[in-house]
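Me: Could you take a close look at one part of this model for me? I would like to start from the parallel strands and see what lies around them.

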Amino acid sequence: MKLWIGIRLLLAFMCFSATLHAQKVLFMGNSLTYTNDLPQLVAYLAKNFDKSLETTSLCFPNYALEDHWNDGLFQKMLAEQNFDYVIVQQGPSSQEAGKQMLLEYGKKIKNVCAQYGAQLAYYMVWPSKRYYFTFDKVIANHEQAAKELRALLFPVGVHWKTYGKNDFSAQLYGPDGFHPSPAGTFLAALTIFHGLFPKEKLSELKFEDVKKWVPDTRSFQGMTQLVHKKKDMNR
């Protein structure tokens with residue numbers, strides 16, 4: 001009897017400890033990530049669902065994966081901190097050079113992640129309005145990199161393109177036609193949050209809690225329904 005009680009207490013303690021452990025995520029990218037502070041918004045969404053998530057940003061203007069690798073900061077951060085996920089982002093990467101960089105440096109980064117118990121994930125972005133015709137290549141190259149390296153893929157670009165086909169008032173592009181508007185960043189954050197916590201019902205998210213980023217309820221509902229329906233996360 002005492003043994004059974006002891007086992008139950010141990011299991012209860014383990015479950016309690018698990019709830020205290022915050023998942024730690026490192027965002028590594030450029031201005032497409034730090035515009036409107038995407039990492040903080042993902043953490044904010046997690047908090048709204050009572051999820052413990054800590055996000056750290058390692059982002060610099062015009063940086064690609066090669067630049068982060070050559071800097072060496074990423075390697076030091078993983079050695080000093082226990083990250084669960086490393087979410088990498090570079091430019092649209094629609095051309096062959098960009099695709100090769102996703103593959104070559106993605107593989108190098110993944111090897112470091114494996115060394116420290118972190119999981120690599122790609123944050124698929126979008127092309128500028130000027131080069132919108134390259135969108136399919138952006139999607140294909142990110143999907144190929146994630147598949148070949150068996151990495152996670154947050155298909156923000158897929159959602160971005162699908163959303164653009166509908167008549168919503170919220171504009172995803174910012175004034176320069178490339179960087180995200182607050183609504184664009186919200187769509188990206190929603191996609192990443194749902195990828196990290198796929199069992200959470202996005203329909204439970206309240207518009208009042210996110211109207212700082214999305215200007216109207218119809219656009220908000222369109223985003224949540226779109227992201228929730230997509231099942232193309234490459235796990």
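**Strands and their surroundings**

Reply: Happy to! Met-28 stands opposite Val-88 in S3. That facing pair belongs to a predicted model, in which strand S1 (residues 23–29) and S3 pair in the parallel sense over four bridges. On the other partner, strand S3 (residues 85–88) and S4 also pair in the parallel sense, again over four bridges. Val-88 turns up here too, standing opposite Tyr-122 in S4. So much for the pairing; now the side chains. From S3, Tyr-85 and Ile-87 point one way, while Val-86 and Val-88 point the other way, and all of them are buried. Strand S4 (residues 119–123) is mostly covered as well, with four of its five residues buried.

Let us turn to the aromatic rings. The structure holds twelve aromatic pairs. One of them joins Phe-186 and Phe-220, a tilted pair with 6.2 Å from centre to centre and 45 degrees between the planes. This pair links distant parts of the chain, since Phe-186 is in helix H9 (residues 182–196) and Phe-220 in helix H10 (residues 217–229), 34 residues apart. Phe-186 and Phe-220 are both buried. The angle puts the pair in the tilted class because planes under 30 degrees apart would count as stacked and those over 60 as edge-to-face. Elsewhere, ring pairs link Tyr-123, Trp-126, Trp-160 and Tyr-173 into a cluster. A ring can also meet a charge: the charged end of Lys-24 sits over the ring of Phe-83, 5.4 Å from its centre.

Two members of that ring cluster, Trp-160 and Tyr-173, also appear in the lining of the largest pocket. The volume of this pocket is about 170 Å³. Besides Trp-160 and Tyr-173, the lining includes Lys-129, Tyr-132, Tyr-163, Gly-164, Asn-166, Phe-168, Ala-170, Gln-171 and Leu-172. By type, the lining residues divide into seven nonpolar, three polar and one charged.

Phe-168 leads from the pocket lining back to a helix already mentioned. The C-alpha atoms of Arg-218 and Phe-168 are separated by 7.2 Å, although these residues are 50 residues apart along the chain. Arg-218 has its place in helix H10, the helix that also holds Phe-220. Arg-218 counts as partly exposed because its relative accessible area is 47%, and that class lies between the limits of 20% for buried and 50% for exposed.

Finally, two loops deserve a look at the backbone. Most residues other than glycine have a negative phi. Asn-36, however, has a positive phi of about 65 degrees although it is not a glycine. It is found in the loop between helix H2 (31–34) and helix H3 (38–48). With a relative accessible area of 31%, Asn-36 is partly exposed. Asn-62 is another case, its phi being near 60 degrees, a positive value in a residue other than glycine. The loop that holds Asn-62 runs between strand S2 (53–59) and helix H4 (65–71). Asn-62 is classed as exposed because its relative accessible area is 72%, which is over the 50% limit.

Note on methods
Residues are numbered from 1 along each chain as its sequence is written. This is a predicted model: local features need pLDDT of at least 70, side-chain atom pairs count only at pLDDT 80 or more; totals for chains, interfaces and linings use all residues. Side-chain values use heavy atoms; hydrogens and water are left out. On a 1 Å grid over the protein atoms alone, a cavity is a set of points where a 1.4 Å probe fits but cannot get out, and a pocket is an open set with protein on both sides within 12 Å along at least five of seven lines; lining residues have an atom within 4 Å of a point. Grid points are joined across faces, edges and corners, and a volume is the space filled by probe spheres set on the points. Ala, Val, Leu, Ile, Met, Phe, Trp, Tyr, Cys and Pro count as nonpolar, Asp, Glu, Lys and Arg as charged, and the others, Gly among them, as polar. Rings of Phe, Tyr and Trp (its six-membered ring) pair if their centres lie within 6.5 Å; planes under 30 degrees apart count as stacked, over 60 as edge-to-face and the rest as tilted. Buried means under 20% relative accessible area, exposed over 50%, partly exposed in between (1.4 Å probe, protein chains only). A charge sits over a ring if NZ of Lys or CZ of Arg is within 6 Å of the ring centre and within 35 degrees of the ring normal. Two strands pair if DSSP finds at least two bridges between them.
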